[in-house]
Amino acid sequence: FITVANYNCYPHNCPVPVREEDLWSGYPTVDNSSYTLAKRSFLEMTEAYDKQFDTFNAVNLILSDLYGPSDHFHSDALKFIPSLLMKIKHCMENGLPLSLEGRGSDISDFLFVKDAAKALRISMEKCNNPSPINIGSGEPKAISDIIRICCKIMGYTGNIAWNEVSISGPFQRFLDIKKAEKEMGFKAETSLVAGLTETIVWIKENLAPVRTYAPEQAPPRR
């Protein structure tokens, strides 16, 4: 039985790179606490089942934020990369400057969806350890660098208006991935540039022009 959780399960101000041992060392980010506490409980439950029943084999994976083709793409998405790519696409289609908010100096790790799928497959084949295992790219980047890379690949050459504002999340978000290499022999193979390039090619070939919405008409935030 494989449980998949997200980086947000870790405490708000966890030291980085974040280790599996720190999962219960503090409270998660308040904005995501309902999701993350439920996931933590599920991880603990499957680990207990694994210990109690010899025939119940559990693997608990904690993934960095995912991105890739066929993601949930719209400009109000809560996921950073899909939202960013749609904002750039909209600006290119309408000759607008790119307006962004956040902290460009923040550092995050993003995992390409094909590497995530590979990790799931390997965990089924090789892993028999119910304790949590981090799955990340091992390539943390500053948000400002990710924006620059996305603009370059998409061909956006317009102005970027960056509004540095305080947000609730931690300044640095990336995982210690040594356990995944030791327990599963897993290491991500897709660089951020390669993954973004494949994602952007998919967007250009499959997505219609970006629609804009009045606040009451916007798609649900996911």
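**View 1. Strands β1 and β2 pair side by side in a right-handed unit with helix α1.** A5 has I62 as its bridge partner in β2, and this contact belongs to a set of 5 bridges that join strand β1 (residues 2-6) to strand β2 (residues 59-63) in the parallel sense. Two strands are said to pair if DSSP finds at least two bridges between them, and strands (E, at least two residues) and helices (H or I, at least four residues) are DSSP runs numbered from the N terminus. Together, β1, α1 and β2 make a right-handed β-α-β unit, where right-handed means that, with the strands pointing away from the viewer, the path from the first strand over the helix to the second runs clockwise.

The model shown in these views is predicted, so that local features need pLDDT of at least 70 and side-chain atom pairs count only at pLDDT 80 or more, whereas totals for chains, interfaces and linings use all residues. Residues are numbered from 1 along each chain as its sequence is written, and side-chain values use heavy atoms, with hydrogens and water left out.

**View 2. Strands β8, β5 and β10 form an open sheet.** The 3 strands follow the order β8-β5-β10, and their pairing is mixed. The edge strands are β8 (141-142) and β10 (172-173), each of which pairs on one side only. Strand β5 (residues 107-108) runs parallel to β10, with 2 bridges between them, and the bridge partner of S108 in β10 is R173. Strands of a sheet pair through backbone hydrogen bonds, either parallel or antiparallel.

**View 3. E47 and K51 form a salt bridge within helix α1.** A salt bridge is a side-chain nitrogen of Lys or Arg within 4 Å of a carboxyl oxygen of Asp or Glu, and by this rule the count comes to 10 salt bridges. In the pair shown here, the closest N and O atoms of E47 and K51 are 3.9 Å apart. The two residues are 4 residues apart in helix α1 (residues 33-52), and are therefore separated by about one helical turn. E47 counts as buried at 15% relative accessibility, whereas K51 counts as exposed at 63%; buried means under 20% relative accessible area, exposed over 50%, and partly exposed in between, with a 1.4 Å probe and protein chains only.

**View 4. K89 and E93 form a salt bridge within helix α2.** The closest N and O atoms of this pair are 2.5 Å apart. Both residues lie in helix α2 (residues 80-94), where a spacing of 4 residues separates them by about one helical turn. K89 is buried, with a relative accessibility of 8%, while E93 is partly exposed at 36%.

**View 5. K118 and E189 form a salt bridge between distant parts of the chain.** Here the closest N and O atoms are 2.6 Å apart. K118 belongs to helix α3 (residues 113-126) and E189 to the loop between α5 (178-184) and α6 (192-206), which places the partners 71 residues apart. K118 counts as buried at 18% relative accessibility, and E189 counts as exposed at 62%.

**View 6. Aromatic rings pair, and a charge sits over a ring.** Rings of Phe, Tyr and Trp (its six-membered ring) pair if their centres lie within 6.5 Å, with planes under 30 degrees apart counted as stacked, over 60 as edge-to-face and the rest as tilted; by this rule the count comes to 8 aromatic pairs. Y67 and F112 form a tilted pair, at 5.4 Å centre to centre and with 50° between the planes. Because Y67 lies in strand β3 (residues 65-67) and F112 in strand β6 (residues 110-112), this pair ties together parts that are 45 residues apart in sequence. Y67 is buried at a relative accessible area of 2%, and F112 is buried at 2%. Elsewhere, F1, F42, Y49, F53 and F56 form one aromatic cluster. R40 lies over the face of W24, at 5.2 Å from the ring centre, a charge being over a ring if NZ of Lys or CZ of Arg is within 6 Å of the ring centre and within 35 degrees of the ring normal.

**View 7. Cysteines C9 and C151 are in no disulfide.** The structure holds 0 disulfides, a disulfide being a pair of cysteine sulfur atoms within 2.5 Å. For C9, the nearest cysteine sulfur is that of C14, 12 Å away, and C9 itself is buried, with a relative accessible area of 0%. For C151, the nearest cysteine sulfur is that of C150, 7.0 Å away, and C151 counts as buried at 5% relative accessibility.
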